[in-house]
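This report describes the fold of one protein for a reader who is new to structural analysis. Please keep the sequence and the structure in view while reading.

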Amino acid sequence: MSPDALLPSAFEAIPALAAGGRPAVFLDYDGTLTPIVARPELAVLDPAVRGIVRRLSEYAEVAVVSGRDLEDVRRLVDLDGITVAGSHGFEVRRADGTRVVHAGGEDLLPALASAGDALEQGVRAITGARMERKRFALAVHYREVAEEHHAEVIGLAATVARAYPELRVGRGKMVVELRPDAEWHKGRLVAALASEHRGSGGGAVAYLGDDVTDEDAFVAIEDLEPPGYAIIVGERASQATAARYALPDVEGTAAWLTALVDALQVDRD
Ligand SMILES: [Mg+2]
């Protein structure tokens with residue numbers, strides 16, 4: 001089923017987004033700005049898309065909010081003058097260069113190191129499974145694992161998580177993660193950034209994401225008063241989602257960002 005059959009196209013939101021004060025646009029990275037690839041290190045940002053995001057940052061507050069490590073997503077995005085958040089918002093580098101780490105984050109590093117060793121041992125026994133040690137999470141990617149062994153990967157993560165009460169299991173597209181069991185997710189960060197934006201006289205707010213971890217952000221956007229524009233990218237748009245608008249794929253994201261920049265330029269120039 002085409003996403004557009006269920007949710008209106010995100011292009012319908014552009015006139016309202018461009019009409020008010022300086023808008024804020026929050027963007028997930030993988031699956032939203034870049035296509036999902038077999039290995040996370042191959043998810044390189046298309047220079048043309050980087051150019052659009054740079055142009056957008058002249059007219060809007062822009063933040064990239066990723067599950068990747070902050071330094072990893074910063075290196076991939078490679079743009080100054082925008083906010084970049086890693087580890088689902090656990091670590092943030094603001095446009096002005098200041099950094100914020102969620103309180104208590106550093107205390108979790110010993111548990112993450114030790115759980116990482118346990119996880120790594122199990123991962124070695126599963127063909128195709130790849131472990132990634134992030135600063136505030138441990139990820140096991142299973143896109144290259146035979147389907148009949150997927151449950152084994154998820155079971156392994158659950159077993160290790162049981163030994164570390166300060167960590168919990170989180171799921172994404174072909175990835176299972178051990179993350180801090182903190183009251184923190186993309187939605188909390190997006191709510192904080194959005195209220196800061198609104199508080200300083202900013203205009204409408206939009207969030208674009210493709211995965212289950214983006215649902216918290218969609219809810220946060222919908223809970224704003226007045227609500228923002230929650231936009232789902234890709235095939236998950238045909239499933240239950242808190243998003244109100246859809247784009248078919250990452251090419252759709254690029255086209256949408258371009259159209260938004262054009263509309264903002266017309267409005268502001
Ligand atoms: Mg994503």
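What covers the buried residues of α7? The cover includes β1 (24-27), β2, α6 (186-199), β10 (205-209) and β11. The report returns to this helix after an account of the whole chain.

**Basis of the description**

Residues are numbered from 1 along each chain as its sequence is written. The model is predicted: local features need pLDDT of at least 70, side-chain atom pairs count only at pLDDT 80 or more, and totals for chains, interfaces and linings use all residues.

**Overall form**

The protein contains eight helices and 12 strands. Helices (H or I, at least four residues) and strands (E, at least two) are DSSP runs, numbered from the N terminus. The radius of gyration is 18 Å, close to the 18 Å that the globule rule gives for 269 residues, so the protein is as compact as a globular protein of that length. This radius is taken over C-alpha atoms, and the globule rule is 2.2 Å times the number of residues to the power 0.38. Along the principal axes, the C-alpha atoms fill a box of roughly 60 × 40 × 35 Å.

Of the 269 residues, 44% count as buried. A residue is buried if 20 or more other C-beta atoms lie within 10 Å of its own, exposed if 12 or fewer, and partly exposed in between, with C-beta atoms placed from the backbone. Two residues are in contact if their C-beta atoms, placed from the backbone, lie within 7 Å. Among contacts between residues at least 6 apart in sequence, 60% join residues at least 24 apart.

**Two domains**

The domain assignment, which is automatic or from a database, gives domain 1 (3-102 + 184-268) and domain 2 (106-180). Their C-alpha centres lie 27 Å apart. In all, 14 residues of domain 1 are in contact with 13 residues of domain 2. On the side of domain 1 that touches domain 2, six residues are nonpolar, four polar and four charged. Here Ala, Val, Leu, Ile, Met, Phe, Trp, Tyr, Cys and Pro count as nonpolar, Asp, Glu, Lys and Arg as charged, and the others, Gly among them, as polar.

**The eight-stranded sheet**

Strands of a sheet pair through backbone hydrogen bonds, either parallel or antiparallel. Two strands count as paired if DSSP finds at least two bridges between them. One open sheet has eight strands in the order β5-β4-β3-β2-β1-β10-β11-β12, with mixed pairing. β5 (99-101) and β12 (245-247) stand at the edges with a single partner strand each, so one side of each is left without a neighbour in the sheet. The twist averages 15° from one strand to the next. β4 and β5 run antiparallel and are joined by three bridges; Glu 91 has Val 101 in β5 as its bridge partner.

**The four-stranded sheet**

A second open sheet has four strands in the order β6-β7-β9-β8, with antiparallel pairing. Its edge strands, β6 (130-133) and β8 (167-172), each pair on one side only. Neighbouring strands are turned by 20° against each other on average, direction ignored. β6 and β7 (residues 138-141) pair over four bridges, and the bridge partner of Arg 130 in β7 is His 141.

**Helices across the strands**

The table lists three helices and the strands that they cross. Axes are lines fitted to C-alpha atoms, for helices over the stretch in contact, and angles run from 0 to 180 degrees between N-to-C directions.

| Helix | Strands crossed | Angle |
|---|---|---|
| α3 | β2 (61-65), β3, β4 | about 140° to β3 |
| α4 (residues 109-124) | β6, β7, β8, β9 (175-180) | about 20° to β7 |
| α5 (residues 150-162) | β7, β8, β9 | about 15° to β9 |

**The enclosed helix and notable loops**

Six of the eight residues of α7 are buried, so this helix is largely enclosed by the rest of the structure. The buried residues are Glu 215, Asp 216, Ala 217, Phe 218, Ala 220 and Ile 221.

The loop between α7 (215-222) and β11 (229-233) holds Pro 226. The peptide bond from Glu 225 to Pro 226 is cis, with omega near -5°.

Two loop residues other than glycine have positive phi values. Asp 78, with phi near 55°, lies in the loop between α3 (70-77) and β3 (83-86). Ser 87, with phi of about 50°, lies in the loop between β3 and β4 (91-93). Is each of these residues buried or partly exposed? Asp 78 is partly exposed, with 13 other C-beta atoms within 10 Å, whereas Ser 87 is buried, with 26.
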